[in-house]
Amino acid sequence: MDLAYIPSPSTGVIDLGPIPLRGYAFCIIIGVFVAVWFGNKRWIARGGRAGTVADVAVWAVPFGLVGGRLYHVITDYQLYFSDGENWVDAFKIWQGGLGIWGAIALGAVGAWIGCRRRGIPLPAWADALAPGIAFAQAIGRWGNWFNQELYGKPTDLPWALKISEGPNRVAGTYHPTFLYESLWCIGVALLVIWADRRFRLGHGRAFALYVAAYCAGRGWIEYMRVDEAHHILGLRLNVWTALIVFVLAVTYIVISAKVRPGREEIVEPGAVEAGGVEDAEGGDAEGRDAAGDAEPDADGEAGRAEDGVADAPTKNGTAEAAKNG
C-alpha cells in the first residue's frame with residue numbers, strides 16, 4: 001500500500017469560464033511570460049531598452065514552438081506515421097510533445113531575425129534571457145504532469161507519481177521525472193544568475209552556461225524515463241543529444257572567453273543615444289560609462305557634458321552650467 005505519492009490530475013483541461021484551456025498549453029504560456037518578464041529586467045540592467053526583449057520574443061517564440069514540435073515529430077515519427085496512427089495528430093501540439101532541442105535551435109533563428117531588426121547583438125540578448133528560459137522550462141514541465149506523460153521507472157518512494165490507467169500507460173507509481181527536471185531547471189537558472197554576477201559573463205557565455213548545465217541534468221533524467229524512444233548504441237537519442245550539445249556549449253565558453261573576454265559595454269545603441277537607462281533595482285545600468293558618464297575630475301567628482309551644456313568656472317572656483325544660446 002502506498003502511504004504517500006504525488007497524485008496526477010483527473011483532467012488535463014482547465015476551464016476558464018466558457019473557455020477550455022489545456023493544462024499543457026497553460027504551463028507553456030505562463031513559462032513564456034516569465035521568461036520575457038525576467039529577461040526584460042536583465043536586459044534593462046545591461047543597458048538596454050524596456051520592451052526590446054518582448055519585441056525579439058515575438059519572433060523567437062513562434063519559431064521555437066515550430067522547432068520544438070518538429071523535433072518531437074521527427075524523432076518520434078512512429079507515433080504519427082506508423083500503421084494505425086493518424087498523421088493529423090502531429091499538429092495537435094496541445095496533447096504534448098515539444099522537443100527542447102528543436103525549440104532552442106529554431107527559436108535562435110527567430111531571435112536572430114528579431115535582433116537584426118532591432119540592431120542588437122544576439123549573444124547579449126541570449127545572455128539576458130538565459131535564466132528566464134530555464135525558469136520557463138521549469139514551469140513548462142508541469143504540463144507533462146497534466147498529461148500524465150514522460151514519467152520514470154516504477155518506484156514506491158514517498159514522492160512517487162501516481163499514474164492512472166489510460167492509452168499507452170499502465171496504472172502505478174513512477175519516478176516523477178517532470179518534477180526532477182523542473183527542480184533542475186530552477187537550479188540552472190540560479191546558477192546562471194550567480195555566475196553572471198560573479199564573472200560578468202558576456203558574448204553568449206551566460207547562455208552557453210545555461211545550455212551546458214541543462215544538458216548535464218537532462219542526461220541522467222532522460223536515462224530514468226520509460227516512454228518509448230529511439231536508441232543508439234544502447235542510449236536513448238536524447239541522451240546522445242544532451243552529450244553532444246553539452247560538449248559544444250563548454251567548448252564555446254572556453255573559446256569565447258579567450259577570443260572575446262569581458263562583457264559587451266553597449267548592448268543597445270539606441271538606449272545609449274536616448275541618454276542611458278536605470279537597472280531593475282533602481283541603480284545605474286551596467287555599461288554606464290559607455291553611455292556618457294565622464295571620468296572623475298581632479299577633485300574626485302564626476303562632471304557631465306550634455307547636449308550644448310559645458311562646465312564653466314566662476315571666480316570662486318565652482319562650476320555653473322552655461323547653455324549655448
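1. Start with Thr52 and its surroundings. Leaving out residues up to four places away in sequence, Thr52 touches Trp43, Arg118, Ile120, Trp125 and Glu268. This is a predicted model, so read these contacts as computed from it. Thr52 belongs to helix α2, which covers residues 52–75.

2. Is Thr52 buried or exposed? Buried: its relative accessibility is 0%, and the cut-off for that class is under 20%. The Thr52 side chain still has a polar partner, reaching the backbone oxygen of Arg49 at 3.3 Å.

3. Next, the pairing of α4 (residues 100–118) with α5 (residues 122–140). Their axes come within 12 Å and cross at roughly 145°, and the crossing is right-handed. On the α4 side, the contact is made by Ile100, Ile104, Ala108, Ala111, Trp112 and Cys115; α5 brings Leu122, Trp125, Ile133 and Gln137.

4. What is the make-up of that contact by class? Nine residues are nonpolar, one is polar and none is charged. Worth a look on screen is Trp125: this α5 residue takes part in the contact with α4 and also touches Thr52. Arg118, another residue that Thr52 touches, lies in α4, given that the helix covers residues 100–118.

5. Last, helix α7. It has 23 residues, running from 177 to 199, and from first C-alpha to last it reaches 32 Å, close to the 33 Å expected at 1.5 Å a residue. Just after α7 comes Arg200, with a positive phi of about 50°.

Technical notes:
Residues numbered from 1 in each chain as written. Predicted model: local features only at pLDDT ≥ 70, side-chain atom pairs only at ≥ 80, totals over all residues. Heavy atoms only, no water. Helix = DSSP H or I, 4+ residues; strand = E, 2+ residues; numbered from the N terminus. Expected span 1.5 Å × (residues − 1). Axes fitted to C-alpha atoms, helices over the stretch in contact; angles between N-to-C directions. Left-handed = near helix turned anticlockwise from the far one by under 90°. Contact = heavy atoms within 4.5 Å. Nonpolar A, V, L, I, M, F, W, Y, C, P; charged D, E, K, R; others polar. Buried < 20%, exposed > 50% of the residue type's maximum accessible area, 1.4 Å probe, protein only. Polar contact = N/O pair within 3.5 Å; in protein donor to acceptor, adjacent residues only side chain to side chain.
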